[in-house]
Amino acid sequence: KRVVVLISGSGSNLQALIDGVQTGELPVELAAVISNRPGVLGLERASKANIPADVLDHKAFADRETFDRALMEKIDSYQPDLVVLAGFMRILTSEFTQHYLGRMLNIHPSLLPKFQGLHTHQRAIDACESHHGVTVHFVTAELDGGPAVVQACVPIFAGDDASSLAKRVQRQEHVIYPLAVKWFAEDDLRMIDGKSVLKGEPL
Ligand code: GRF
């Protein structure tokens, strides 16, 4: 299966996918990496792994619709089976999410449906939660609202700040994202009637 990865930053989740492919655990071809921000570390990670890397700077476009259409064209030129959002910090138009419905995954650093949106680690601490985590989900028109595929849960400790908690969560991101992509690549994971289905069982 061909996978296109969209990033905006450091690309540590991209790296986890690259590592999975290189060790042979993840049976996909990383066809391209596209960033909406120039000069980010994730682009270097892609180049080092000999993956075609493109920048499509949203600032060069008049509005969200025009950017999303250009992005669709760029993605589709690689003919992916799956689009993976890995720290891609853009809100997507419904035209875009519809186009990739059932073949686009996102990773969100919270135990969805808790803490949609930004600053999830600080918000979990402020809410005195005992646990926090991360969710991989199919992308639908609803922001951080598509059906969940897999979650990982971590404890919140008394001395935690947003950064120590983020680190603990990220270690789990790097485990569950390659796993979800592997399931999809092996046809074990599908979105059917708006629900995630794993090995024939609705989640
Ligand atoms: C991750 O924490 C992910 O959950 C969130 O953005 C961050 C991306 O990190 N959506 P990286 O670019 O993969 O290092």
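An oxygen atom of the ligand is just 2.6 Å from an N or O atom in the side chain of S12, a polar contact (a pair of N or O atoms within 3.5 Å). Keep in mind that this is a predicted model: local features need pLDDT of at least 70, side-chain atom pairs count only at pLDDT 80 or more, and totals for chains, interfaces and linings use all residues. Residues are numbered from 1 along each chain as its sequence is written, and side-chain values use heavy atoms, with hydrogens and water left out.

**Around the ligand**

- Two other residues offer an N or O atom to a ligand oxygen: G11 does so with its backbone, at 2.8 Å, and E173 with a polar side-chain atom, at 3.0 Å.
- On its own the ligand has 370 Å² of accessible area, and the protein covers 85% of that (areas come from the Shrake-Rupley method with a 1.4 Å probe).
- Who surrounds the ligand? The shell is S10, G11, S12, N13, G87, I107, P109, Q170 and E173, where being near means having a heavy atom within 4 Å.
- Sorted by class, that shell holds 2 nonpolar, 6 polar and 1 charged residues; Gly counts as polar here, Ile and Pro as nonpolar, and Glu as charged.
- Helix 1 (12–23) and helix 6 (162–185) each give at least two residues to the shell; helices are DSSP runs of H or I with at least four residues, strands are E runs with at least two, and both are numbered from the N terminus.
- The ligand sits in the largest pocket, meaning that more than half of its atoms lie within 2 Å of the pocket's grid points.
- As for the pocket itself, picture a 1 Å grid over the protein atoms alone: a pocket is an open set of points with protein on both sides within 12 Å along at least five of seven lines.

**A small set of strands**

- An open sheet of 3 strands runs in the order 8-9-10, with antiparallel pairing; strands pair if DSSP finds at least two bridges between them.
- Its edges are strand 8 (189–192) and strand 10 (201–202), each pairing on one side only.
- Strand 8 is joined to strand 9 (residues 195–198) by 4 bridges, and L189 stands opposite L198 in strand 9.

**Backbone oddities**

- L112 and P113 are linked by a cis peptide bond, with omega about 10°; P113 belongs to the loop between strand 5 (104–108) and helix 5 (120–126).
- N50 isn't a glycine, yet it has a positive phi of about 60°; look for N50 in the loop between helix 2 (41–48) and strand 3 (53–55).

Conventions. Polar contact = N/O pair within 3.5 Å; in protein donor to acceptor, adjacent residues only side chain to side chain. 1 Å grid on protein atoms, 1.4 Å probe; cavity = no way out; pocket = protein on both sides within 12 Å on 5 of 7 lines; lining within 4 Å.
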